[in-house]
Amino acid sequence: MRKLVLLFMLAVALSSQVAFAQESQPNPKQPSALAGTDSPEALREHVPVLPAVRAKYWDIDPAVGYGMKDFGNCVYALSDNGWQSAFLVTDAGVIVFDAPASYGKHIPEAVAKVTNKPIKVLVYSHIHKDHIGGSAAFKNSPGLQIIALDTVSDFLKEMNDPNRLIPTETFKTSKTIKLGGKTVELTRHNYHSNEGDLFIYVPEAKFLMAVDSVTSGYVPFQDFDLSTNFHQYLKMFDEILAYKFDNFIGGHLTDTGTRKDIEITKEYTNDVYQTVKRIHNGLNERAFDAEIAKTIGPDNEFLIFKALLDKVTRDSVGELEPRWINRLAGVDVWLPSHVRAALIYVRWDDKE
Ligand SMILES: [Zn+2]
């Protein structure tokens, strides 16, 4: 009987340790990034969001639909825990940076909470509707200037989307807005969407916004934030770090960022790139293809090639996941897509 009690106590102690380990330090036996999403069992193989990241969720009243954070020097950040935007209050009116589809309609009331100045300027970071598809809320703002890249404007004119108002003023590479004693610097970059992306900088507030670049606390979204240009994406980190800033908006999820967030995402991205490059370039393709052909014959070249791409992906994910799973959230969700994006670059664009 005593033995049974002792065994029972031991089991309780062990199970509470296991529960603690799962909570504080997700450490899956096999890469959880290779689990699927098509069954409850597969979903449960993924790890929970890192507690330190989850703790930074904004407490947002669903009836209000957004939260606001004062960055100082008249810059305010907005978020609904999915998208982020910002605005700058000046003596002559307000400059709004992006109008996300999800809460864009609430931006005028958010602005009205901190100033009675009218909204004078709306800046578009890039073409994507999730970031500017709420601009219809500004349709009746008298004398509103909408500023965007020329290529962004061309695209929006072609789309003629009532949810994305057509810009009234465009530029090619850079533009400085001066309003009510404040300055905003807009600069063209090409790390994300085909029609170009803006860095939006308020020097006085040491505030930088680069949408769909870095998601603070998390790895980037799928395929390195849907980048259509991984070559430029790799350069983007140093381009961001060249600015003097204390507060950063990447456009997504909850936490606003600092230089540390850019640095860790740079380290992650370079690690993915270098690992994929080493594994891909180190593979003996001729021997690998011959081995696959033993099973399926030599004529199904698409399948043989897919087997090779899949092997590089699996081996890269297997090596990278343990290094990153406890440093950034979402590794198990998007790592395979990051490896694929890097693999496309390594195989088709990069030098040996
Ligand atoms: Zn985008």
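**A walk through one predicted model, from strand β3 to the zinc ion**

Let me start with one residue, S85, which touches Y76, A77, L78, F97, D98, P100, Y103, I107, M209 and I249, leaving aside residues up to four places away in sequence, where contact means heavy atoms within 4.5 Å. Before going on, I should say that this is a predicted model, in which local features need pLDDT of at least 70 and side-chain atom pairs count only at pLDDT 80 or more, while totals for chains, interfaces and linings use all residues. Residues are numbered from 1 along each chain as its sequence is written, and side-chain values use heavy atoms, with hydrogens and water left out.

Where does S85 sit, then? S85 has its place in strand β3, residues 84-90, and at 0% relative accessibility S85 counts as buried. By buried I mean under 20% relative accessible area, by exposed over 50%, and by partly exposed anything in between, with a 1.4 Å probe and protein chains only. The helices (H or I, at least four residues) and strands (E, at least two) that I name are DSSP runs, numbered from the N terminus. S85 and H131 are 46 residues apart in sequence, and their C-alpha atoms are 8.1 Å apart in space.

Now the overall picture. The protein has 12 helices and 12 strands, and its C-alpha trace spans about 75 × 65 × 35 Å along the principal axes. Of the 352 residues, 48% are buried, and among contacts between residues at least 6 apart in sequence, 62% join residues at least 24 apart.

Next, the metal. Which protein atoms are the donors of the zinc ion? They are H126 (NE2), H128 (ND1), H192 (NE2) and D212 (OD), lying 2.1 to 2.2 Å from the ion; donors here are N, O and S atoms within 2.8 Å of the metal (3.2 Å for Na, K and Ca), and water is not among the atoms, so sites may look incomplete. In sequence, the donor residues are spaced H-x1-H-x63-H-x19-D. One pair links distant parts of the chain, with H126 in the loop between β5 (119-123) and α5, and H192 in the loop between β9 and β10 (197-202), 66 residues apart. H126 is buried, with a relative accessible area of 1%, and H192 is buried, with a relative accessible area of 1%.

Why is the arrangement around the zinc ion irregular? The 4 donor atoms subtend angles of 89 to 171°, which makes it irregular. The rule is that four donors count as tetrahedral if all angles lie between 85 and 135 degrees, that four count as square planar and six as octahedral if opposite donors are over 155 degrees apart and all others between 65 and 115, and that anything else is irregular.

One of these donors brings us to S227, which touches Y191, H192 and Y233, not counting residues up to four places away in sequence. S227 has its place in the loop between α7 (222-226) and α8 (230-241), and S227 is buried, with a relative accessible area of 15%. In helix α7 itself we find F224, whose phi is near 55°, a positive value in a residue other than glycine. F224 is buried, with a relative accessible area of 0%.

For comparison, let us look at helix α6, residues 150-159, where D150, V152, S153 and L156 are buried. Seen down the axis of α6, its buried residues fall within an arc of 155°, so they line one face of the helix; the arc is that of the directions from the helix axis to the C-beta atoms. What covers these buried residues includes α5 (129-132), β6 (145-149), β7 (169-171) and β9 (182-189). α6 is followed by N160, whose phi is positive, near 50°. Is N160 buried or exposed? At 59% relative accessibility, N160 counts as exposed.

Finally, a residue in the loop between α1 (2-24) and α2 (40-44) is A33, which counts as buried at 7% relative accessibility. A33 touches V317, E321, V331, D332, L335 and P336, again not counting residues up to four places away in sequence. The C-alpha atoms of A33 and V47, 14 residues apart along the chain, are separated by 9.1 Å.
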